[in-house]
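Colleague: I'd like to learn how to read a model like this one without getting lost. Can you walk me through it?

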Amino acid sequence: MPIDPQAEKILKLIAGLNIPPLQTLEPAKAREITAQYRGKPRRLQPVPQVKNRTISTPVGDIPIRIYTPKGNAPMPALVYFHGGGWVLGDLDAADSICWNISLKVECVVVSVDYRLAPEHKFPAALEDAYAALKWVVANAIELHIDPARVGVGGDSAGGNIAAAVALMARDKGEPKLVYQLLMYPVIQNDFNTESYLKYASGFGLTRDEMIWYWQHYLTDEADAQNHYASPILAEELSNLPPALIITGECDVLRDEGLAYAAKLQEAGVSVQLWEGEGMIHSFVAMAQVLDKGKDAIAYITTRLRQVFANG
């Protein structure tokens, strides 16, 4: 299927901004530019309570944002990790997705502002993510959540972190997770898949940009082979929580998301796969202007409600 007309319009608008290719910039400048054009969060419907705080963990202090809807405690919870190639992004970048999920699923969402590369290379972001997850479960009473109904989620590099956290929680034996939501996740350090080559440029996220992200995130080739950096390389994928994997048809990351879904299923993990036909990377975050983004939000929130209801 060709690129969706709404997505094509978005790409033309972005091209008209004449933003320099991110891979030509220093990380600090790239963060400045992306934050400038993203703007401040806009919540069309208010979540009853949105609270920023910093938590103390064994790996250091971590900023988080807690979304708490109206409802009877204890509620289910989703610990969420923003995208941005491990180099960009912050709590505001994930705000619209997090309040949408909190509001429509009626669950607490805890968004984690993990350390960024290259100042903090792999596995710093993962260490923050796992520490924040453990903190959420340990503080379930304060957060009004049910520690037996906790999932993880993320988009793009945040989807990579969510997948890795699910692996780490299984490997360490805690905490027990009921779900993993992986939206167009980064799953492997491989730039030669069919989707990488077909959509290398002109479709938003580019192949060169992804190479730049990985170069900043990893220290050496050994890191690239670590299954916590490339989850698809894990020798054993059984006993992981059920997964929902969202992909975009016109996204360089499409094929690795599909491949991970297939490997999880082979290992006996329950997987739902939802592909946005004609969609570009990050289309769920553009739900205000992309109909298929709205459709994805509807599917995600319906599925999360089902999972959390079954506990």
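Modeller: Sure, we'll go from the overall fold down to single residues, bearing in mind that this is a predicted model.

Colleague: Let's begin with the fold. How many helices and strands does the protein have?

Modeller: The secondary structure comes to 11 helices and 8 strands. For overall packing, set the radius of gyration against the globule rule: here the radius is 18 Å, close to the 19 Å that the rule gives for 311 residues, so the protein is as compact as a globular protein of that length. The C-alpha atoms fill a box of roughly 50 × 45 × 35 Å along the principal axes.

Colleague: What share of the residues counts as buried?

Modeller: Of the 311 residues, 56% count as buried. On the outside, the accessible surface is about 13100 Å², and 50% of that belongs to carbon and sulfur atoms.

Colleague: And the charges? How far apart do the centres of the positive and negative sets lie?

Modeller: There are 28 positive and 36 negative side chains, and the centres of the two sets lie 7 Å apart.

Colleague: How do I read the contacts in terms of sequence? What percentage join residues at least 24 apart?

Modeller: Take the contacts between residues at least 6 apart in sequence; 76% of those join residues at least 24 apart. A single pair can go either way, though. K29 and I141 are 112 residues apart in sequence, with their C-alpha atoms 41 Å apart in space. E119 and P27 are 92 residues apart in sequence, yet 9.4 Å apart from C-alpha to C-alpha.

Colleague: Where do K29 and E119 sit, then?

Modeller: K29 is in helix α2, residues 27–38, and counts as partly exposed because its relative accessibility is 38%. E119 is in the loop between β4 and α4, and at 49% relative accessibility it is also partly exposed, since the exposed class begins only over 50%.

Colleague: Now the interior. What should I expect there?

Modeller: In soluble globular proteins, nonpolar side chains tend to be buried together. In this model the largest nonpolar core has 113 residues, and F81, M210, Y260 and V284 touch the most other members. Helix α6, residues 157–172, supplies the largest share of this core, with 10 residues.

Colleague: Pick one of those hubs. Which residues does M210 contact beyond its sequence neighbours?

Modeller: Leaving out anything within four places in sequence, M210 is in contact with V186, F191, Y196, L205, V252 and L253.

Colleague: What about backbone oddities? Which peptide bonds are cis?

Modeller: Look at omega. The bond from A73 to P74 is cis, with omega near -5°, and P74 sits in the loop between β2 (60–68) and β3 (75–81). Another cis bond joins A117 and P118, with omega about 5°; P118 is in the loop between β4 (108–112) and α4 (124–138).

Colleague: That β4–α4 loop came up with E119 as well. Is its residue L116 buried or exposed?

Modeller: L116 counts as buried because its relative accessibility is 15%, and the cut-off for buried is under 20%. Leaving aside neighbours within four places in sequence, L116 is in contact with R31, H82, W86, V87, L88 and G89. The C-alpha atoms of L116 and L218 are separated by 11 Å, with their positions 102 residues apart along the chain.

Colleague: Next, phi. Which residues have a positive phi without being glycine?

Modeller: N18 is one of them, with phi of about 55°, and Y184 is another, at about 30°. N18 lies in the loop between α1 (5–16) and α2, while Y184 lies in the loop between β6 (179–183) and α7 (194–198).

Colleague: Are these two buried or exposed?

Modeller: N18 is exposed, because its relative accessible area is 64%. Y184 is buried, with a relative accessible area of 1%.

Colleague: One last case, in a strand. What does G276 touch?

Modeller: G276 is in strand β8, residues 271–276, and counts as buried at 0% relative accessibility. Not counting residues up to four places away in sequence, G276 touches T247, G248, E249, F283 and K292. G276 and E249 are 27 residues apart along the chain, and their C-alpha atoms are separated by 5.9 Å.

Conventions. Residues numbered from 1 in each chain as written. Predicted model: local features only at pLDDT ≥ 70, side-chain atom pairs only at ≥ 80, totals over all residues. Heavy atoms only, no water. Helix = DSSP H or I, 4+ residues; strand = E, 2+ residues; numbered from the N terminus. Rg over C-alpha atoms; globule rule 2.2 N^0.38 Å. Buried < 20%, exposed > 50% of the residue type's maximum accessible area, 1.4 Å probe, protein only. Contact = heavy atoms within 4.5 Å. Areas by Shrake-Rupley, 256 points an atom, 1.4 Å probe, with all protein chains shown as cover. Lys, Arg positive; Asp, Glu negative; His and termini not counted. Charge placed at Lys NZ, Arg CZ, Asp CG, Glu CD. Core = buried A, V, L, I, M, F, W, Y, C linked by side-chain atoms within 4.5 Å.
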